[in-house]
Amino acid sequence: MILYNSLGQTKQEFIPHDGNKVNMYTCGPTVYHYAHIGNLRTYIMEDVLEKYLRFAGYDVKRVMNITDVGHLSSDADTGEDKMIAGAKREHKTVLEIAKFYTDAFFSDCEKLNIKRPDVVEPATNCIEEFIHMISVLLEKGYAYIAGGNVYFDTSKLDTYYVFGNMNEDDLAVGVRESVEEDENKRNKTDFVLWFTKSKFDSQELKWESPWGLGYPGWHIECSCISYKHNGEYLDIHCGGIDNAFPHHTNEIAQSESFLGHKWCGYWFHVLHLLDARGKMSKSKGDFLTVSLLEEKGYNPVVYRMFCLQSHYRKPLTFTYESLDNTATAYEKLRKRISAIPDEGEVDSAKAEELIASFKEALDNDLNTSLGLTSLYDVLKADANGATKRYVIGELDKVLSLDLLTAGETQDNGVDDSLTAEVEALIAKRAEARAAKDWATADAIRDKLKEMHVVLLDTKDGVSWSIEK
Ligand code: AMP
Ligand code: ZN
């Protein structure tokens with residue numbers, strides 16, 4: 001497989017450190033609010049990557065943290081702790097907020113067919129590990145104590161800006177939203193490993209440490225949680241592109257200084273979902289969530305397909321118009337799939353040939369839009385029904401679009417406008433029956449009969465078909 005690697009900024013052949021085993025790490029959500037559909041774009045594309053690696057035969061172990069402490073509003077060491085801000089907003093404790101939004105996140109993931117990673121670890125579970133890593137960094141001379149806090153000393157590194165593509169604006173991120181500069185830092189790019197003294201007197205969660213009562217910085221959690229579950233060598237680290245700097249840059253600084261060797265081979269960054277105002281972000285307030293899409297009548301899986309239609313390394317602009325187009329395409333696709341005749345036996349040579357073109361697309365830096373095209377090619381292929389269904393089932397192990405399940409779509413072999421009319425009449429008939437208005441109910445049944453619609457009352461409701 002060829003993957004674009006932010007480290008080196010080129011497409012590279014993916015070669016895991018240890019044969020067939022792939023250690024994968026994903027920066028999890030900061031659980032102070034619902035995930036917006038931009039965050040979920042990143043998690044959908046990471047899910048496709050994980051599933052494709054498994055499909056290609058790798059033995060994948062995927063680890064994800066849950067950020068429930070230490071992530072400040074600037075992504076650097078300034079601003080308010082996001083969790084405290086969330087707790088204040090909702091008059092709850094930080095732990096209540098963390099539990100609520102962690103559950104909400106996984107419920108959204110389930111709706112989007114995003115697999116739960118093999119290991120999910122909240123940062124607040126790993127305080128001992130953070131303290132250990134910070135102690136080693138201090139011993140090795142990569143960290144210093146100033147003003148009560150522990151800082152990482154970036155001047156000790158040969159290279160700090162590892163991704164190499166930072167422009168001046170990106171570099172300024174650490175101080176961009178700062179209200180005040182931290183005078184304890186020896187270098188502008190140094191960052192906090194452990195806070196004891198800070199302006200956050202309101203910090204609810206504090207732990208004893210060799211440096212006093214305090215709490216960890218955000219970056220150390222990912223270095224430690226990855227090390228705890230993935231060991232010394234990580235194959236792929238994932239995240240949204242905004243995390244490349246400073247978060248991932250700082251993770252590399254900490255992990256490699258701690259380990260004394262190169263840590264992670266491949267960095268997979270997903271570009272942003274944009275709306276009319278630019279990057280979708282939680283701090284902008286009115287962001288889009290999966291629940292909101294559901295309220296508006298969309299099947300969440302349609303949003304997954306919307307993401308798969310674009311390459312992960314291109315920014316993607318969300319509009320309802322384009323989501324509607326995807327919804328129509330999705331319904332048509334499912335109808336075509338459910339119309340595949342139930343015939344023949346799987347022709348494995350043909351199936352392999354069809355799967356090969358899907359693999360070729362995904363092997364080329366996870367080209368999911370081309371992968372979807374090969375799905376349409378399966379429908380058009382000169383193959384029997386059993387083979388087509390088998391191949392679609394295989395592709396859906398990666399795409400996860402519920403392609404073979406009937407879902408709510410009831411396919412009666414009629415066009416959409418007739419379906420809508422029949423269903424509206426059925427709903428009216430149900431209302432009439434509930435109101436014991438038998439005359440109206442019977443009149444509707446007669447009207448449906450005229451339309452050659454046959455009704456069948458079952459325990460799960462009414463199903464219908466057109467008389468042949
Ligand atoms: P957070 O919950 O803020 O820690 O972010 C969770 C994940 O979503 C991270 O990998 C971010 O890089 C990613 N992310 C944040 N905003 C966007 C966006 N607008 N589009 C895509 N990914 C995003
Ligand atoms: Zn992280």
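**Exercise 1. Decide whether serine 357 is buried, partly exposed or exposed.**

Step 1. Take the classes: buried is under 20% relative accessible area, exposed is over 50%, and partly exposed lies in between (1.4 Å probe, protein chains only).
Step 2. Serine 357 has 32% relative accessibility, so it counts as partly exposed.
Step 3. Place the residue: serine 357 belongs to helix H12, residues 348–363. Helices (H or I, at least four residues) and strands (E, at least two) are DSSP runs, numbered from the N terminus.
Step 4. Valine 378 is 21 residues from serine 357 in sequence, and their C-alpha atoms are 9.8 Å apart.

This is a predicted model, in which local features need pLDDT of at least 70 and side-chain atom pairs count only at pLDDT 80 or more, while totals for chains, interfaces and linings use all residues. Residues are numbered from 1 along each chain as its sequence is written, chains are lettered from A and ligands numbered from 1 in the order in which they are written, and side-chain values use heavy atoms, with hydrogens and water left out.

**Exercise 2. Describe the chain as a whole.**

Step 1. The chain holds 16 helices and 16 strands.
Step 2. Of its 468 residues, 52% are buried.
Step 3. A contact means heavy atoms within 4.5 Å. Among contacts between residues at least 6 apart in sequence, 76% join residues at least 24 apart.

**Exercise 3. Check the span of helix H1 and find how it is oriented to helix H10.**

Step 1. The expected span of a helix is 1.5 Å times one less than its number of residues. H1 has 19 residues and reaches 26 Å from first to last C-alpha, close to the expected 27 Å.
Step 2. Since 17 of the 19 residues of H1 are buried, this helix is largely enclosed by the rest of the structure.
Step 3. The axes of H1 (residues 37–55) and H10 (residues 300–308) come within 10 Å and cross at roughly 75°. Axes are lines fitted to C-alpha atoms, for helices over the stretch in contact, and angles run from 0 to 180 degrees between N-to-C directions.
Step 4. Angles under 35 degrees count as roughly parallel, over 145 as roughly antiparallel, 65 to 115 as roughly perpendicular and the rest as oblique. H1 and H10 are therefore roughly perpendicular to each other.
Step 5. The H1 residues in this contact include Ile37, Ile44 and Val48, and those of H10 include Tyr303 and Leu308.
Step 6. After H1 comes glycine 57, with a positive phi near 105°.

**Exercise 4. Find which face of helix H11 is buried.**

Step 1. H11 covers residues 320–338; its 19 residues should span 27 Å at 1.5 Å a residue, and its end C-alpha atoms are 27 Å apart, which agrees.
Step 2. The buried residues are Leu323, Thr326, Ala327, Tyr330, Leu333, Arg334 and Ile337.
Step 3. Seen down the axis of H11, these residues fall within an arc of 130°, so they line one face of the helix. The arc is that of the directions from the helix axis to the C-beta atoms.
Step 4. The face turned away from the buried side carries exposed Glu321, Asn325 and Lys332.
Step 5. The buried residues of H11 pack against H9 (290–295), H10, H13 (368–380) and H14 (385–399).

**Exercise 5. Locate some backbone features.**

Step 1. Histidine 91 is not a glycine, yet its phi is positive, about 50°. This residue sits in the loop between H2 (82–90) and H3 (94–111) and is exposed, with a relative accessible area of 76%.
Step 2. Aspartate 402 has a positive phi near 55° and lies in the loop between H14 and H15 (416–434).
Step 3. The peptide bond from phenylalanine 245 to proline 246 is cis, with omega near 0°. Proline 246 lies in H8 (residues 244–259).
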